[in-house]
Amino acid sequence: MKGREWWFMGNALFDLNGKVALVTGASYGIGFAIAEALAGAGARIVFNDLNGELVEKGLAAYKGAGINAAGYVCDVTDETAVAVFVKRVETEVGVIDILVNNAGIIKRIPMTEMSAADFRQVIDVDLSAPFIMAKAVIPAMIKKGGGKIINICSLMSELGRETVSAYAAAKGGLKMLTKNIASEYGEFNIQCNGIGPGYIETPQTAPLRTPGHPFNKFILSKTPAARWGTTDDLKGPAVFLASDASNFVNGHILYVDGGILAYLGKQP
Ligand code: NAP
Ligand code: GCO
């Protein structure tokens, strides 16, 4: 094949025209950036968030970016509400071809000071909710002949550190849920993969980036790229995992971390 033919074929592989993509918790932050990228590749965007105010804020942001997104209020930990939400999307927008489980929370508390209620809440949002969401969309994907599920994992799917026991337990579990969905539904042409962002500049990591915070210096020295990631860094990987370009990639976690997981760290 000549260069130009490859170019056309390459574009077709990443084309999401005609696809409906649901990104959870995507009024801002990583979810918004991923939705922007999927829309850029042609997908119709649906998102949800916890309350009406956030959804309104999200709708205005999508409009500002020239994206006609459909926004809904839904708490992804509520199994009944999720079932109603997914049915509504299927009726009002269409069958969900691409699900991105992005909604997530973190509580940075030393383990011996953390209540079981706080621990359970993190597990609920970061691990049980992706199960609830995937369970709700898979039947229609099977009927349609396939689909893509992308779980937003973390470096904490692989590593631990002080104060993030619940988050690491949840994101480690999410890695295994990803592999299990791939194993259980791969035969129905469903690909379930994860994206493991490194340290990305979003409100979630804002407390770690305050001027003079030692964590900031620590992360810069731990990252071969020597910078924090931006939400834009996640766009290409998301389009790849949502598109036909990844049709034989299943149960994989794609770490987008500037090389942190590959690096032993600088000698002090
Ligand atoms: P964020 O800025 O805190 O955004 C998360 C979104 O999820 C918010 O809109 C949040 O709403 C929503 N949400 C929380 N609980 C929800 C629920 N029960 N139902 C529906 N929506 C809910 O986080 P982010 O930094 O963009 O992170 C997005 C994902 O990437 C998370 O899964 C996070 O763990 C993961 N991640 C982030 C980083 C990073 O460096 N930032 C790195 C690795 C992985 P509220 O505004 O009401 O909380
Ligand atoms: C922390 C951070 C991390 C990141 C991210 C890393 O406190 O160490 O918040 O957990 O958000 O998930 O990949």
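Which element gives the largest share of the lining of the largest pocket? In this predicted model, that element is α2, with 3 residues in the lining. The pocket is a useful place to start, and the two ligands can be described from there.

The largest pocket holds about 850 Å³ of space. Its lining is made up of 39 residues, and those nearest the centre of the pocket are N102, A103, G104, I105 and Q204. Two or more lining residues come from each of α2 (29-40), β2 (44-49), α5 (116-144) and α6 (165-185). Sorted by class, the lining has 21 nonpolar residues, 13 polar residues and 5 charged residues.

Ligand 1 occupies the largest pocket. The elements that supply two or more residues to the shell around ligand 1 are α2, β2 and α6. That shell has 29 residues, and Y28, D49, N102, Y167 and T202 come nearest to the ligand. N102 is also one of the residues that lie nearest the centre of the pocket. By class, the shell of ligand 1 divides into 16 nonpolar, 10 polar and 3 charged residues.

The polar contacts of ligand 1 include several with the protein backbone. At I30, a backbone N or O atom is 2.9 Å from an oxygen atom of ligand 1. At V76, the partner on ligand 1 is a nitrogen atom, and a backbone N or O atom of V76 lies 3.1 Å from it. At G198, a polar backbone atom is 3.5 Å from an oxygen atom of the ligand. On its own, ligand 1 exposes 900 Å², of which the protein buries 90%.

Ligand 2 also sits in the largest pocket. It is surrounded by 14 residues, and R108, S154, R161, Y167 and Q204 are the closest. Y167 is therefore a point where the two descriptions meet, by the definition of nearness as a heavy atom within 4 Å: Y167 is listed among the closest residues for ligand 2 and among the nearest for ligand 1. Q204, in turn, is among the closest residues to ligand 2 and is one of those nearest the pocket centre.

Which side chains place an N or O atom 2.6 Å from an oxygen atom of ligand 2? Among them is R108, whose side chain has an N or O atom at 2.6 Å from a ligand oxygen. The side chain of R161 has an N or O atom 2.6 Å from an oxygen atom of ligand 2, and the side chain of Q204 likewise has one at 2.6 Å. Ligand 2 has 330 Å² of accessible area on its own, and the protein covers 97% of this. The shell around ligand 2 consists of 8 nonpolar, 4 polar and 2 charged residues.

Notes: Residues numbered from 1 in each chain as written. Chains lettered and ligands numbered in written order. Predicted model: local features only at pLDDT ≥ 70, side-chain atom pairs only at ≥ 80, totals over all residues. Heavy atoms only, no water. Polar contact = N/O pair within 3.5 Å; in protein donor to acceptor, adjacent residues only side chain to side chain. Areas by Shrake-Rupley, 256 points an atom, 1.4 Å probe, with all protein chains shown as cover. 1 Å grid on protein atoms, 1.4 Å probe; cavity = no way out; pocket = protein on both sides within 12 Å on 5 of 7 lines; lining within 4 Å. Sits in = over half its atoms within 2 Å of the grid points. Nonpolar A, V, L, I, M, F, W, Y, C, P; charged D, E, K, R; others polar. Points joined across faces, edges and corners; volume = space filled by probe spheres on them. Helix = DSSP H or I, 4+ residues; strand = E, 2+ residues; numbered from the N terminus.
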